[in-house]
Amino acid sequence: TSGAPLWMEIAEAELGIHENSLPGQHNKRIIEYHAATTLQAREDEVPWCASFVNWVMKQVGQTGTGSALAKSWLNWGQPLTTPRPGAITVIKKKVAGSDQATGSSTGFHVAFYVSSTPSHIQLLGGNQGDSVKFSNFPLALYDIKGYRWP
């Protein structure tokens with residue numbers, strides 16, 4: 001993507017990484033993502049959106065939040081009023097409860113901003129349908145909590 005920050009190339013290179021569905025087996029790459037956080041989870045079923053963002057940012061020499069909590073990114077870097085490609089974006093499901101699209105039990109999710117329309121926001125992130133992929137989140141179901149930039 002032209003004009004996008006280097007970390008977007010790194011995130012895109014991870015497209016297709018997904019959880020191992022075999023019982024007791026875990027994708028080693030997702031365990032690597034977890035190693036970028038203080039949680040250091042050893043299973044790919046542990047929600048890993050924030051681990052992915054931490055890992056990606058680490059690859060470009062940026063210090064992330066070190067936290068496996070998506071909402072930890074709301075205090076990181078500088079806030080943006082207008083998103084731009086690559087902005088670290090925190091969203092929250094409007095209705096409480098776990099979210100199948102993101103595996104989140106808190107409703108929070110963090111990923112990289114790609115684009116948006118009046119009705120949807122497109123994000124590139126980890127743990128979107130148990131994999132690294134582009135996903136369109138309907139703004140009727142999610143609130144945008146913040147855009148952050150290093």
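**A tour from the core to Asp44**

Select Phe52, Val56, Met57, Trp73, Ile88, Val110 and Phe112: these have the most contacts inside the largest nonpolar core, which has 37 residues. Such a core is a set of buried Ala, Val, Leu, Ile, Met, Phe, Trp, Tyr and Cys residues joined through side-chain atoms within 4.5 Å; buried means under 20% relative accessible area with a 1.4 Å probe, protein chains only. Colour α3 next, the source of the largest share of this core, 7 residues.

The model is predicted: local features need pLDDT of at least 70, side-chain atom pairs count only at pLDDT 80 or more, and totals for chains, interfaces and linings use all residues. Residues are numbered from 1 along each chain as its sequence is written, and side-chain values use heavy atoms, without hydrogens and water.

Now go to Asp44, in the loop between α2 (28-34) and α3 (49-59). Helices here are DSSP runs of H or I with at least four residues, numbered from the N terminus. Asp44 is buried but has no salt bridge, that is, no side-chain nitrogen of Lys or Arg within 4 Å of its carboxyl oxygens. Lys28, the nearest side chain of opposite charge, is 10 Å away; Lys and Arg count as positive, Asp and Glu as negative, and His and the chain ends are not counted.

What does the side chain of Asp44 reach? Show the backbone nitrogen of Asn27, at 2.9 Å. Then show the backbone nitrogen of Asn20, 2.7 Å from a polar atom of the Asp44 side chain.

Finally, select Ile30 and Ile31, which are among the residues in contact with Asp44 (heavy atoms within 4.5 Å).

How values were computed
Helix = DSSP H or I, 4+ residues; strand = E, 2+ residues; numbered from the N terminus. Buried < 20%, exposed > 50% of the residue type's maximum accessible area, 1.4 Å probe, protein only. Polar contact = N/O pair within 3.5 Å; in protein donor to acceptor, adjacent residues only side chain to side chain. Lists of a residue's contacts leave out its neighbours within four places in sequence.
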